[in-house]
Amino acid sequence: MIKKVGVIGVGTMGQGIAEMLAANGLDVVLVEQTPERLAYGLQMIEVSLDKQIEKWALTASEKKLILSRIHTEGGYDALANCELVIETISEDLEAKKEVFRHIDGICAQNAILASNTSTLSLTELASVTKRPDRVIGIHFIYPVFKIDLVEIVRGLKTSDETFKETKHFVEEIIQKKGVMVFESPGFVTTRLICLFINEALHVLEEGVAYAEDIDDAMRIGYSFQHGPLEMADRFGLDSVLAALERMFREYGELKYRPSIVLKKMVRAGQLGVKSGSGFFKYDKDGDRIS
């Protein structure tokens, strides 16, 4: 039974995963390299919980209980007693491999080591550990709290037992739908949604329609929660670019080649919600203002 989960990284996904786990009654060890980033991550989790209180989806006492289950740490040693560890740092293969090397030597032998990667090879991450059979992908989709789907990604050596335990955790403990995916760049969700976003960018680049109208067409016409361009803003334009570039390299097909507009915006530092502006503008809480 998984009762204590480690989360490495307090970016947007790390914050969302930690909050969701704590809300489901699990103890969470949240690890980040610097006290400043840890404090910021915890602050953003509080902001998220406060928004839910404003919408009458949560009470102040429930917020306090959720926060009491999240324990912040500056080093990996605190992960020693976790039954499951989920790595959520940026999509940098070498950096992720370094994380897996560290936690492999700290975590119990029966602990599951998981990555939230959306494009990288689980087999390659597992290769730096002494337990490749216990390494698996648990790919949550943003926003973690609202989306009830998780891709459970099997690397080449992921064991059936590890998959069964992970699926039980996903479906019985955090109550989301788990879909099994065999390792492939972009898996299912990232591969399809990035193509959708990239095509919307080509439509914008060609002058077929303005950003607002492209998003309205898909949001209203096809019942998307957000249009493709706001979706890209919320994922992070740099993350979308990195995913497309990796799939372009791996598959070698032109359909994955990132739009020039996307490259220009990333170079200009317009990354979406995380920078306050992308295709649209956002306040510090991530709410759209224009």
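**Figure 1. Lys164 and Glu172 stand exposed on one side of helix H6, away from its buried residues.** This is a predicted model. Helix H6 covers residues 160-173, which makes 14 residues. From first C-alpha to last, H6 reaches 19 Å, close to the 20 Å expected at 1.5 Å a residue. Its buried residues are Thr162, Phe163, Thr166, Phe169, Val170 and Ile173. Seen down the axis of H6, they fall within an arc of 155 degrees, so they line one face of the helix. Lys164 and Glu172 are on the other side.

**Figure 2. Gln175 comes just after H6 and has a positive phi.** The angle is about 55 degrees, although Gln175 is not a glycine. Look for Gln175 in the loop between H6 and strand S8, residues 177-182. Is Gln175 buried or exposed? Gln175 has a relative accessible area of 59%. Exposed means over 50%, so Gln175 counts as exposed.

**Figure 3. Phe187 also takes a positive phi, of about 50 degrees.** Phe187 is not a glycine either. The loop that holds Phe187 runs between S8 and H7. The relative accessible area of Phe187 is 4%. Buried means under 20%, so Phe187 counts as buried.

**Figure 4. Helix H4 has its buried residues on the same side.** H4 spans residues 93-106 and has 14 residues. The distance from its first C-alpha to its last is 20 Å, close to the 20 Å expected at 1.5 Å a residue. Which residues of H4 are buried? They are Leu93, Lys96, Lys97, Val99, Phe100, Ile103 and Asp104. These residues cover an arc of only 160 degrees around the axis, which puts them on the same side of H4. Several elements help to cover them. Among these are strands S1 (4-8), S4 (84-87), S5 (112-115) and S6 (135-140). Helices H5 (122-126) and H10 (237-251) are also part of the cover.

**Figure 5. Asp92 makes a contact at the start of H4.** One of its side-chain oxygens reaches towards the backbone of Glu94. That oxygen comes to within 3.1 Å of the backbone nitrogen of Glu94.

**Figure 6. Gly6 is a buried residue in strand S1.** Its relative accessible area is 0%. What does Gly6 touch, not counting residues up to four places away in sequence? Its contacts are Val29, Leu79, Cys82, Leu84, Val85 and Ile86. Take Val29 as one case. Gly6 and Val29 are 23 residues apart along the chain, yet their C-alpha atoms are separated by 4.6 Å.

**Figure 7. Asn198 is in helix H7 and counts as buried.** H7 covers residues 189-205. The relative accessibility of Asn198 is 1%. Leave aside its neighbours within four places in sequence. Asn198 is then in contact with Leu244, Lys255, Tyr256, Arg257, Pro258 and Ser259.

**Figure 8. Helix H9 is largely enclosed by the rest of the structure.** H9 spans residues 228-235. Why is H9 described as largely enclosed? Seven of its eight residues are buried, so the rest of the structure largely encloses H9. The buried residues are Pro228, Leu229, Glu230, Met231, Ala232, Asp233 and Arg234. They pack against H7, helix H8 (211-221) and H10. Just after H9 comes Gly236, with a positive phi of about 105 degrees.

**Figure 9. A cis peptide bond joins Tyr142 and Pro143.** Omega for this bond is about -10 degrees. Pro143 is in the loop between S6 and strand S7, residues 149-154.

**Figure 10. The whole chain contains 11 helices and eight strands.** Here the close-ups give way to the overall view. The C-alpha atoms fill a box of roughly 55 × 50 × 35 Å, taken along the principal axes. A compact globule of 290 residues would have a radius of gyration near 19 Å, and the 19 Å of this chain agrees with that. Of the 290 residues, 48% count as buried. Contacts with a separation of 6 or more can be split by distance along the chain. Residues 24 or more positions apart account for 66% of them. The accessible surface comes to about 13,900 Å². Carbon and sulfur atoms make up 53% of that surface.

Note on methods:
Residues are numbered from 1 along each chain as its sequence is written. This is a predicted model: local features need pLDDT of at least 70, side-chain atom pairs count only at pLDDT 80 or more; totals for chains, interfaces and linings use all residues. Side-chain values use heavy atoms; hydrogens and water are left out. Helices (H or I, at least four residues) and strands (E, at least two) are DSSP runs, numbered from the N terminus. The expected span of a helix is 1.5 Å times one less than its number of residues. Buried means under 20% relative accessible area, exposed over 50%, partly exposed in between (1.4 Å probe, protein chains only). The arc is that of the directions from the helix axis to the C-beta atoms. Contact means heavy atoms within 4.5 Å. A polar contact is a pair of N or O atoms within 3.5 Å; within protein, one must be able to donate a hydrogen and the other to accept it, and residues adjacent in sequence count only if both atoms are side-chain atoms. The radius of gyration is taken over C-alpha atoms; the globule rule is 2.2 Å times the number of residues to the power 0.38. Accessible areas come from the Shrake-Rupley method with a 1.4 Å probe; for residues, only the protein chains shown count as cover.
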